[in-house]
Amino acid sequence: MEATLSSRQLLVTVDGSVNISNVTRAIKMLRGVTAIKPAKQTVKKPRLYDPETGEYLNDKTMRVIENVRKGKEEMYHFDSIEDFKSWCEAL
């Protein structure tokens with residue numbers, strides 16, 4: 001009975017200063033390499049960090065901040081704290 005070998009994968013991570021084409025060329029020279037595909041670029045969402053607590057703002061808060069930046073969130077402007085108080089009392 002012949003043993004069948006399954007293909008295995010190896011993930012290689014390099015820093016931004018490395019020329020990817022040179023690394024790809026070097027890996028292709030290794031015996032047994034069957035395919036090389038670039039990994040998908042992951043886009044990290046910006047997150048705000050509170051250095052006092054060491055915590056990040058949650059996704060719901062970040063979504064509201066992004067909506068405000070894009071003009072999708074309703075905003076209010078008050079000239080004084082008294083205006084704000086009267087607006088709150090009217091709710």
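Trainee: Let me start with one residue: does lysine 40 count as buried or exposed?

Mentor: Lysine 40 counts as exposed, because its relative accessibility is 80% and the cut-off for exposed is over 50%. Keep in mind that we're reading a predicted model.

Trainee: Where does lysine 40 lie?

Mentor: In the loop between helix 1 (20-28) and strand 1 (49-50).

Trainee: And the overall secondary structure, how many helices and strands are there?

Mentor: The chain has 3 helices and 2 strands. Walk along the sequence and you get the pattern α-β-β-α-α.

Trainee: How do I read the radius of gyration of the chain?

Mentor: Set it beside what a compact globule would give. For 91 residues that would be near 12 Å, but this chain has 27 Å. Then look at the extent of the C-alpha trace: along the principal axes it spans about 85 × 40 × 30 Å.

Trainee: What share of the residues count as buried?

Mentor: Just 1% of the 91 residues. As for the surface, the chain exposes about 9,600 Å², and 54% of that comes from carbon and sulfur atoms.

Trainee: What about charges, how far apart are the mean positions of the positive and negative ones?

Mentor: They sit 20 Å apart, counting 15 positive and 13 negative charges.

Trainee: Next, separations. How far apart are the C-alpha atoms of lysine 40 and serine 80?

Mentor: Those two are 40 residues apart along the chain, and their C-alpha atoms are separated by 50 Å. Try some other pairs too. Threonine 13 and asparagine 58 are 45 residues apart along the chain, with 29 Å between their C-alpha atoms. Arginine 8 and aspartate 59 are 51 residues apart in sequence, and 36 Å apart in space, C-alpha to C-alpha.

Trainee: Where are threonine 13 and arginine 8 found?

Mentor: Threonine 13 is in the segment before helix 1, and arginine 8 has its place in the segment before helix 1 as well. Threonine 13 is exposed, at 71% relative accessible area. Arginine 8 is exposed too, at 80%.

Trainee: On to helix 2: what span should I expect, and what does the model give?

Mentor: Helix 2 covers residues 59-70, so with 12 residues at 1.5 Å a residue it should span 16 Å. The end C-alpha atoms are 16 Å apart, which agrees.

Trainee: What phi does glycine 71 take, just after helix 2?

Mentor: A positive one, about 80°.

Trainee: Last topic, aromatics. How is a pair of rings described?

Mentor: You use two values, the distance of the centres and the angle of the planes. This structure holds 6 aromatic pairs. Take tyrosine 76 and tryptophan 87: their centres are 4.8 Å apart, with 45° between the planes, so the pair is tilted, since planes under 30 degrees apart count as stacked and over 60 as edge-to-face.

Trainee: Which parts of the chain does that pair tie together?

Mentor: Tyrosine 76 lies in the loop between helix 2 and helix 3 (81-90), while tryptophan 87 is in helix 3, so the pair ties together parts 11 residues apart in sequence.

Trainee: How do tyrosine 76 and tryptophan 87 count for exposure?

Mentor: Tyrosine 76 counts as partly exposed, at 46% relative accessibility. Tryptophan 87 counts as partly exposed at 29%.

Trainee: Which residues do ring pairs link into a cluster?

Mentor: Tyr76, Phe78, Phe84 and Trp87.

Technical notes. Residues are numbered from 1 along each chain as its sequence is written. This is a predicted model: local features need pLDDT of at least 70, side-chain atom pairs count only at pLDDT 80 or more; totals for chains, interfaces and linings use all residues. Side-chain values use heavy atoms; hydrogens and water are left out. Helices (H or I, at least four residues) and strands (E, at least two) are DSSP runs, numbered from the N terminus. The radius of gyration is taken over C-alpha atoms; the globule rule is 2.2 Å times the number of residues to the power 0.38. Buried means under 20% relative accessible area, exposed over 50%, partly exposed in between (1.4 Å probe, protein chains only). Accessible areas come from the Shrake-Rupley method with a 1.4 Å probe; for residues, only the protein chains shown count as cover. Lys and Arg count as positive and Asp and Glu as negative; His and the chain ends are not counted. The place of a charge is taken as NZ of Lys, CZ of Arg, CG of Asp or CD of Glu. The expected span of a helix is 1.5 Å times one less than its number of residues. Rings of Phe, Tyr and Trp (its six-membered ring) pair if their centres lie within 6.5 Å; planes under 30 degrees apart count as stacked, over 60 as edge-to-face and the rest as tilted.
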